[in-house]
Amino acid sequence: TAALWMADDIEDTIRNIVIPLKYKLLITGHSLGAGAACLLGLELRARIKELRNNFTDLRVLAFATPAVLSFQASKACAPFITSVTKKN
């Protein structure tokens with residue numbers, strides 16, 4: 001829900017400012033925020049075709065991410081989502 005709310009809130013800004021100025025997006029979060037960041041990145045790529053042109057215009061850097069995607073989906077997102085976890 002948080003990712004959808006945030007996507008609704010920033011979509012126009014991305015379309016009207018970020019894309020025309022050719023800025024790159026970095027979404028980051030920790031713990032529950034990392035899960036929301038991953039889902040937000042997926043949602044924005046689904047909504048805005050310009051963000052699907054390559055894997056560098058939108059990146060997600062997530063720390064201590066909970067499991068929010070299936071294994072197959074997480075593998076497909078690996079080119080633009082980096083999840084950092086502590087090795088025990």
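Reader: Which residues of β1 make up its covered face, and which the uncovered one?

Author: A good place to begin! In a regular strand the side chains alternate between the two faces of the sheet. In this predicted model, the covered face of β1 holds Leu 25, Ile 27 and Gly 29, while Leu 26, Thr 28 and His 30 make up the uncovered one.

Reader: Which helix packs on the sheet?

Author: Helix α2, residues 32–47, packs there and touches β1, β2 and β3. The direction of α2 makes about 150° with that of β1.

Reader: And what is the strand order in the sheet?

Author: The order is β1-β2-β3, in an open sheet of three strands with parallel pairing. At the edges you find β1 (25–30) and β3 (81–84), each pairing on one side only. On average, neighbouring strands are turned by 15° against each other, direction ignored.

Reader: How many bridges join β1 to β2?

Author: Six, and the two strands run parallel, with β2 spanning residues 58–63. To follow the register, take two residues from the uncovered face of β1: Leu 26 has Arg 59 of β2 as its bridge partner, and Thr 28 stands opposite Leu 61 in β2.

Reader: Let's move to the loop between α1 and β1, where Leu 21 is found. Why does Leu 21 count as exposed?

Author: Exposed means over 50% relative accessible area, so Leu 21, at 51% relative accessibility, counts as exposed.

Reader: Which residues form a nonpolar patch on the surface with Leu 21?

Author: Ile 17 and Tyr 23 join Leu 21 in that patch, and together the three have about 310 Å² of accessible area.

How values were computed: Residues numbered from 1 in each chain as written. Predicted model: local features only at pLDDT ≥ 70, side-chain atom pairs only at ≥ 80, totals over all residues. Heavy atoms only, no water. Pairing = 2+ DSSP bridges. Helix = DSSP H or I, 4+ residues; strand = E, 2+ residues; numbered from the N terminus. Axes fitted to C-alpha atoms, helices over the stretch in contact; angles between N-to-C directions. Contact = heavy atoms within 4.5 Å. Patch = residues over 30% accessible without salt bridge, like charges linked within 9 Å, V, L, I, M, F, W, Y side chains within 5 Å. Areas by Shrake-Rupley, 256 points an atom, 1.4 Å probe, with all protein chains shown as cover. Salt bridge = Lys/Arg side-chain N within 4 Å of Asp/Glu carboxyl O. Buried < 20%, exposed > 50% of the residue type's maximum accessible area, 1.4 Å probe, protein only.
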